[in-house]
Each structure stands twice: as structure tokens, then as C-alpha cells.
Amino acid sequence: MTTVAATKKFIEATGNLAVAYAVKQVNVDFISAYPITPQTIIVEALSQYVADGELKAKFVNVESEHSALSACIGASIAGARVFTATSSQGLVLMYEELPVASGLRLPIVMALSMRALSAPINIHNDHSDFMSMREQGWIMLAAEDAQEVYDLTIMAFKIAEDERVLLPTVAAMDGFTISHTLQRVDVLDDEVVRKFVGERKARFKLDVENPLTFGPLALTDSYFEFKRQQHEAFKNSEKVIREVFKEYEKISGRKYEPLKKFMMEDAEVAIVALGSTVGIARIAAKKLREEGIKAGVIGFTLFRPTPKVEINETLKDVRTLAVFERHLSLGAVAGPHYMDIISSLDKKDDVKIYDYVYGLGGRDITTKMIVDTVKKTIEKAKKNEPMEVEFVGVRE
Amino acid sequence: MSFNKSWKEMEIGAVVKGGSGLLYKTGNWRSEKPIIDYTKCINCLICWALCPDSAILRKGNKVEVNYDYCKGCGICANECPTKAINMEKEEV
Ligand code: SF4
Ligand code: SF4
């Protein structure tokens with residue numbers, strides 16, 4: 001029996017609208033963003049909430065994403081609870097400010113409707129914008145559907161603003177596939193959400209009589225120490241993220257874990273994915289089981305910090321993996337998931353892991369494609385073939 | 001800035017008191033040092049006005065170099081109308 005105070009309240013929302021609803025409920029103080037497909041609807045809905053007086057936040061219109069994140073940084077320094085949203089080229093225009101937000105330890109929350117990077121221009125989903133954030137010091141969460149992005153957005157504020165963490169956090173969803181797909185989303189009551197996230201505790205009082213310096217010069221004598229500190233904040237965040245997931249389960253009845261596991265108890269081969277593909281992978285795993293292949297699915301909800309503990313736990317008995325990457329690490333031996341898994345495993349001699357790039361620029365992935373790829377993976381593992389990135393769904 | 005402290009003790013996010021730039025003695029970047037020859041100096045204040053680091057100070061009725069912040073760029077020596085400033089190699 002669960003002691004859930006879950007309400008039966010739900011809304012019909014796309015991923016984008018689910019994010020906007022969550023942001024309204026956490027009662028942000030400040031929003032700055034610039035419209036870009038497929039994220040636009042998030043800020044459109046938020047500006048409407050502000051205009052209608054449903055959300056008492058300062059909404060600052062700016063001329064570019066670079067300015068949007070800059071404005072967010074200023075507001076976050078001043079102690080505001082801050083939100084922004086973006087996609088693709090918008091994110092890369094913010095790029096200069098991404099490490100500034102994390103280096104200053106500002107708990108800004110960003111929604112990312114993931115979209116392929118130019119050139120050539122493409123508005124559809126892949127994870128190349130999201131994956132490009134890997135080195136910029138943001139906690140990175142990824143949702144599978146609109147429900148998850150609603151939940152993760154609320155949790156992102158609590159994680160980011162925790163005094164043990166103080167790191168900016170991105171909650172991402174697949175552009176269009178999730179951002180524009182209408183779904184039933186179970187929502188919490190405003191008061192429940194507000195109690196859960198609490199008030200943001202400002203670290204400073206901006207006061208002309210007692211001036212502070214934000215972003216000072218830190219050269220050979222001190223820069224290294226500040227980076228070491230950030231690394232520690234990521235370590236601390238692992239614990240906080242697990243706590244927040246547990247606490248959220250109590251109020252919502254929805255269980256979150258850094259890694260989602262599906263039919264992994266007795267699995268002999270695992271499909272690894274992130275985002276909406278996790279859902280397709282579940283169906284593929286069921287199909288494979290009908291054919292006598294014991295497949296399971298591992299879905300990444302937490303991407304940074306890398307859930308090393310969970311990776312080791314989950315892969316204790318499963319040593320054959322088909323890793324699906326909706327991102328191409330150009331010039332690299334393998335994609336980010338592959339590298340994260342390999343580097344996380346304490347014992348890796350017997351693991352057979354094969355990397356597959358799929359779905360770039362929004363190219364569909366089907367159940368059959370996953371089923372076939374898993375079968376191929378099993379063959380490759382049997383023959384002990386070396387790993388070479390393969391492409392699924394490209395015209396040869 | 002937090003010189004000599006462990007990373008555990010340093011200010012989170014490098015947020016420090018205002019005016020902390022003063023703690024950076026940038027003088028140690030210098031490879032050449034300006035030396036004023038007061039027998040030639042006519043107190044025109046051109047060096048004082050042009051030093052990009054404000055490292056030339058007015059002390060009483062003469063100019064002086066503040067070696068804590070002088071980076072040794074040599075602008076003062078170049079601009080001095082009486083060639084009263086000599087750039088000398090820093091001893092390492
Ligand atoms: S050498 Fe450059 S920094 Fe030093 S006093 Fe002269 S002008 Fe100023
Ligand atoms: S520029 Fe030369 S003459 Fe003029 S004040 Fe400086 S040192 Fe003296």
C-alpha cells in the first residue's frame with residue numbers, strides 16, 4: 001500500500017504544455033527565452049500565464065538566446081527562481097553562457113525540446129543539441145513522454161536549488177515526438193508542488209553598500225580549485241537526485257530512477273536508449289521475447305551525472321548490449337552512451353557492447369528496426385566481433 | 001581571491017567580495033621594469049595619464065611606479081618626452 005496523496009487531476013497536454021504547466025506550478029520568479037521550434041510553445045504558454053496574471057513572474061523578452069540565458073544568469077544571481085527553454089541552434093547560441101551559469105553555481109532550470117543541429121537545417125528530433133551540453137556543467141535529465149517531462153521539470157528545480165548541489169539543470173524531451181504530441185498528463189495540485197519545491201533560498205543579498213564580485217578572474221592560482229568544487233557538486237547531486245526522486249514518488253505515486261529498467265530481471269540482452277525511443281524499445285523487447293530472445297530495456301532518465309552505480313547494478317548479469325544513440329559523435333569511436341557505459345563498468349572484460357546511431361534529423365525508428373538490430377547484436381557478440389559504430393535506418 | 005586555500009574552503013561559484021581585483025598583484029607578470037630617472041623627469045604627467053594599469057602614482061610632487069601592478073608594458077618609457085624612463089630586465 002502506498003501512502004500517496006496523489007490527486008486524480010489530469011490535463012491534456014503536449015510535452016511543451018506540460019512543461020509550461022509545471023513551471024507555472026513551481027511559481028518561478030523570472031523567465032527569459034527566445035522562441036525557437038520546437039520549444040516555442042513553452043514560452044508562448046508561459047507568457048500567456050504571465051499576461052493573464054496566473055503566474056506572477058517577470059517575463060523578459062530578449063533579442064536572442066544568448067541574451068535570454070544572460071538575463072537568466074543575472075536574475076538567478078539576484079536570488080530569483082529562474083526558467084528558460086530552448087532547442088537546437090538556440091541552445092548553441094546560448095553556448096557562451098552555459099558554462100558561466102554552471103561556473104557561478106546558479107540553479108537555473110532549462111527545458112530543451114531536443115532538435116537536430118544545423119547544417120543542413122532540420123527542425124526534427126535528435127539528441128545532438130542535448131549531447132553537446134555534456135561538458136558544460138549542467139545536470140541533465142531526459143524524459144520519455146509528456147508525463148515524465150512534467151514530473152522532471154518540477155524535480156529539476158528541487159535538485160538544482162538544493163544547497164548541496166547548486167547546479168543548473170536541463171530537463172529534455174524529444175522535439176515534436178513528445179513536445180507536440182497530446183497526451184494525458186496527471187498533475188499535482190499547485191499547493192502540493194509548491195510545498196515540494198519550497199522557496200528558493202537566495203545565497204546573497206545584492207547590496208551596494210557591501211558589493212560582491214560575480215565571475216571574477218581566477219587564474220593559475222585558483223581556477224583549478226573552483227573546477228574541482230564543481231566536480232564535487234556533481235558527486236553530491238547523485239544523492240540529492242535519488243532523494244528527490246523518492247520524495248516525488250511519495251507525493252505523486254510515480255517512481256523515478258536514474259535508469260529505467262524494463263524486463264531486465266532475467267534479460268540476456270539489453271537495449272539502451274534515451275527519450276521517446278525507450279517506449280518503442282519496450283515493445284521491441286516484448287516482440288523479441290515472443291521469439292524466445294530474453295531482451296530487456298535500459299532507459300536513461302539521468303544522463304549527467306552519469307549514473308555509474310545504477311549502470312553497474314543493472315548490468316550485473318546482462319553482458320550483451322545494443323546501444324541506441326540518437327546522436328553522432330563525429331570523429332569519435334563511439335557515441336556518448338557507449339562511452340559512459342564502458343567507463344562506468346567496474347568489470348568490463350566480458351561485456352559485449354555494440355553502438356548504433358539512428359534517427360538523426362527525426363528519421364523514424366520502428367520496432368522492427370530495433371528487433372533486427374538486437375538480433376544482429378547477438379550474432380556479433382557470439383562471434384566476438386569488434387565494435388564499430390553502425391547506422392540504423394540510413395540509405396546505404 | 002582565495003590564495004592557498006583548499007578547494008573545500010573556497011567560495012562556492014567564486015563569488016567574492018567586491019574589489020577583489022586588488023588582491024591580484026599583476027606585477028609578477030612583468031619581464032621588464034620601468035625605472036624613472038628623476039634628474040630627467042619634468043613632471044609632465046604624460047606617463048601617469050597613459051599607463052593602462054594606473055600603475056604610475058603621483059606622490060607629493062613626483063611620479064612613482066607601483067610595482068605591485070605595473071605589468072612592464074613600456075608605454076610610459078615610450079611616451080616620456082625626456083626619455084626619463086628606462087626599461088630594465090627583471091631578475092628572475
Ligand atoms: S611599464 Fe606599462 S604598466 Fe608599467 S608603469 Fe609603465 S606604462 Fe604602466
Ligand atoms: S612622462 Fe617622463 S617626464 Fe613626464 S612625468 Fe613621466 S617620467 Fe616624468
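Two strands pair if DSSP finds at least two bridges between them. Helices (H or I, at least four residues) and strands (E, at least two) are DSSP runs, numbered from the N terminus. This is a predicted model, in which local features need pLDDT of at least 70 and side-chain atom pairs count only at pLDDT 80 or more, while totals for chains, interfaces and linings use all residues. Residues are numbered from 1 along each chain as its sequence is written, chains are lettered from A and ligands numbered from 1 in the order in which they are written, and side-chain values use heavy atoms, with hydrogens and water left out.

**The two sheets of chain A**

An open sheet of six strands runs in the order S10-S12-S11-S14-S15-S16 (chain A), and its pairing is mixed. Its edges are strand S10 (259-262) and strand S16 (390-392) of chain A, each paired on one side only. From one strand to the next, the twist averages 25°. For all axes here, lines are fitted to C-alpha atoms, for helices over the stretch in contact, and angles run from 0 to 180 degrees between N-to-C directions. Helix H13 (residues 367-382) of chain A lies across strand S11 (269-273), S14, S15 and S16 of chain A. H13(A) runs at about 145° to S15(A). Contact means heavy atoms within 4.5 Å.

Chain A also has an open sheet of seven strands, in the order S3-S2-S4-S5-S7-S6-S13, again with mixed pairing. Strand S3 (58-61) and strand S13 (302-304) of chain A are the edge strands, each pairing on one side only. Here the twist averages 20° from one strand to the next. Helix H3 (residues 65-77) of chain A packs on this sheet and touches strand S2 (30-33) and strand S4 (82-86) of chain A. The direction of H3(A) makes about 165° with that of S4(A).

**Strand pairs**

Strands of a sheet pair through backbone hydrogen bonds, either parallel or antiparallel. The table sets out three pairs.

| Strands | Sense | Bridges |
|---|---|---|
| S5 (residues 109-114) and S7 (residues 169-174) of chain A | parallel | six bridges |
| S14 (residues 320-325) and S15 (residues 352-358) of chain A | parallel | six bridges |
| S3 (residues 56-59) and S4 (residues 62-65) of chain B | antiparallel | four bridges |

Leu112(A) has Ala172(A) in S7(A) as its bridge partner. Thr320(A) is matched with Lys352(A) in S15(A). In chain B, Leu57(B) stands opposite Glu64(B) in S4(B). The hairpin of S3(B) and S4(B) has two residues between the strands, and Gly60(B) there takes a positive phi near 60°.

**Helix contacts and a salt bridge**

Helix H7 (residues 146-161) and helix H8 (residues 190-197) of chain A have axes that come within 9 Å and cross at roughly 35°. H7(A) contributes Tyr150(A), Ile154(A), Met155(A), Phe157(A) and Lys158(A), and H8(A) contributes Val193(A), Phe196(A) and Val197(A). By class, the contact has seven nonpolar residues, no polar and one charged. Ala, Val, Leu, Ile, Met, Phe, Trp, Tyr, Cys and Pro count as nonpolar, Asp, Glu, Lys and Arg as charged, and the others, Gly among them, as polar.

A salt bridge is a side-chain nitrogen of Lys or Arg within 4 Å of a carboxyl oxygen of Asp or Glu. Over all chains, the structure holds 31 salt bridges. One of them joins Arg242(A) to Glu310(A), with the closest N and O atoms 2.8 Å apart. Arg242(A) lies in helix H9 (residues 223-252) of chain A and Glu310(A) in helix H11 (residues 308-314) of chain A, so the pair ties together parts 68 residues apart in sequence.

**Interface**

Chain B gives 19 residues to the contact and chain A gives 22 residues. About 1700 Å² is buried between them, and carbon and sulfur atoms give 67% of that area. Buried area is the accessible area (1.4 Å probe) that two parts lose on being put together, summed over both. The rule finds zero salt bridges across this interface.

**Ligand shells in chain B**

A residue is near a molecule if one of its heavy atoms lies within 4 Å of it. The shell of ligand 1 includes Cys51(B), Cys70(B), Cys73(B) and Cys76(B). This shell divides into eight nonpolar, two polar and two charged residues. Around ligand 2 are, among others, Cys41(B), Cys44(B), Cys47(B) and Cys80(B). The ligand 2 shell has nine nonpolar, two polar and no charged residues. Leu45(B), also in that shell, has a positive phi near 70° although the residue is not glycine. Leu45(B) sits in the loop between strand S2 (32-36) and helix H1 (46-50) of chain B.
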